[in-house]
Amino acid sequence: MIPVVKSLSVEGAIGPSADKFLVRKPTQEEAEAAVRTLLLWAGDDPSREGLTDTPRRVAKAYKEFYKGYAEDPHHILDRVFEEVEGYSDMVLVRDIPFYSHCEHHMVPFVGKAHIGYYPSKGVVGLSKLARIVDVYARRLQTQETMTAQIADVIEEVLEPRGIAILVEAEHMCMSMRGVQKQGSSTMTTQYRGVFRNDPAEQVRFFTMVKSPGL
Ligand SMILES: [Zn+2]
């Protein structure tokens, strides 16, 4: 086996988060062999008919699940609209669905993100905020880290007067294994700027997030 991790050399790096440790990208064959090993580990026979194509499908699915490693969130937010006709109230995009995988068990956690900010130097396209959530969700994550990363990049690019992020999700690693608490949800928040300094702003954000929709 050729070790894939732990080196400072960067050769064929696939993304901004991976380039620190990736020696070289595994081949398709190596990825499929690893899936066959896990099928054996689970107790099944990788050569039976129903599983023969599974390693190929899993390798393909991983490209989709983890495509966020190859995407740069700053690039997505590269267009800031500075003319907002004096608009300075809160911009809130709520109920952004996401699908992620916990970094401890590599099983899904699924939920919604809500992003609110008070513009100062400009705004970004609303769909860009949803794409930012997707970039971070499609990596191995903890919900806490993901929430902070979303706040960080928006803060860096937009320098808003305040930013509030609420992420709520169900973690399959809690629902399916261990304590098996089905239906429990986890909420994480990040408040920056006026949201951090003024609890009334946090209440306003939360009220808008939870108010009846369209
Ligand atoms: Zn987990």
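Which residue in strand 3 is the bridge partner of His-101? In this predicted model, the partner is Leu-140. That pair is a handy way into the sheet, so let's start there.

## The sheet

His-101 sits in strand 1, which covers residues 91-102. Strand 1 and strand 3 run parallel to each other, and two bridges hold the pairing. Zoom out and you get an open sheet of five strands, ordered 3-1-2-4-5, with mixed pairing. Strand 3 (140-141) and strand 5 (186-193) are the edges, each pairing on one side only.

## Helices on the sheet

Helix 4, residues 126-137, packs on the sheet and touches strand 1, strand 2 (108-118) and strand 3. The direction of helix 4 makes about 20 degrees with that of strand 1.

Then there is helix 5, residues 143-158, which lies across strand 1, strand 2, strand 3, strand 4 (162-171) and strand 5. Against strand 5, helix 5 runs at about 25 degrees.

## The zinc site

Three protein residues donate to the zinc ion: Cys-102 through SG, His-105 through ND1 and Cys-173 through SG. These donors lie 2.2 to 2.3 Å from the zinc. Along the chain, the donors are spaced as C-x2-H-x67-C.

How exposed are Cys-102 and His-105? Cys-102 has a relative accessible area of 4%, so it counts as buried, being under the 20% cut-off. His-105 comes in at 34% relative accessibility, so it is classed as partly exposed. As for where the first of these sits, strand 1 spans residues 91-102, and Cys-102 is one of the zinc donors.

## Helix 1

Helix 1 takes in residues 28-42, 15 residues in total. From the first C-alpha to the last, helix 1 reaches 21 Å, close to the 21 Å expected at 1.5 Å a residue.

Which residues of helix 1 are buried? They are Glu-32, Val-35 and Leu-39. These three cover an arc of only 55 degrees around the axis, so they end up on the same side of helix 1. The general rule behind this: an α-helix has 3.6 residues a turn, so residues three or four places apart point the same way. Helix 2 (54-65) is among the elements covering the buried residues of helix 1.

Flip to the face turned away from the buried side and you find the exposed residues Thr-37, Leu-38, Leu-40 and Trp-41. Right after helix 1 comes Gly-43, with a positive phi near 105 degrees.

Definitions and conventions
Residues are numbered from 1 along each chain as its sequence is written. This is a predicted model: local features need pLDDT of at least 70, side-chain atom pairs count only at pLDDT 80 or more; totals for chains, interfaces and linings use all residues. Side-chain values use heavy atoms; hydrogens and water are left out. Donors are N, O and S atoms within 2.8 Å of the metal (3.2 Å for Na, K and Ca); water is not among the atoms, so sites may look incomplete. Buried means under 20% relative accessible area, exposed over 50%, partly exposed in between (1.4 Å probe, protein chains only). Helices (H or I, at least four residues) and strands (E, at least two) are DSSP runs, numbered from the N terminus. The expected span of a helix is 1.5 Å times one less than its number of residues. The arc is that of the directions from the helix axis to the C-beta atoms. Contact means heavy atoms within 4.5 Å. Two strands pair if DSSP finds at least two bridges between them. Axes are lines fitted to C-alpha atoms, for helices over the stretch in contact, and angles run from 0 to 180 degrees between N-to-C directions.
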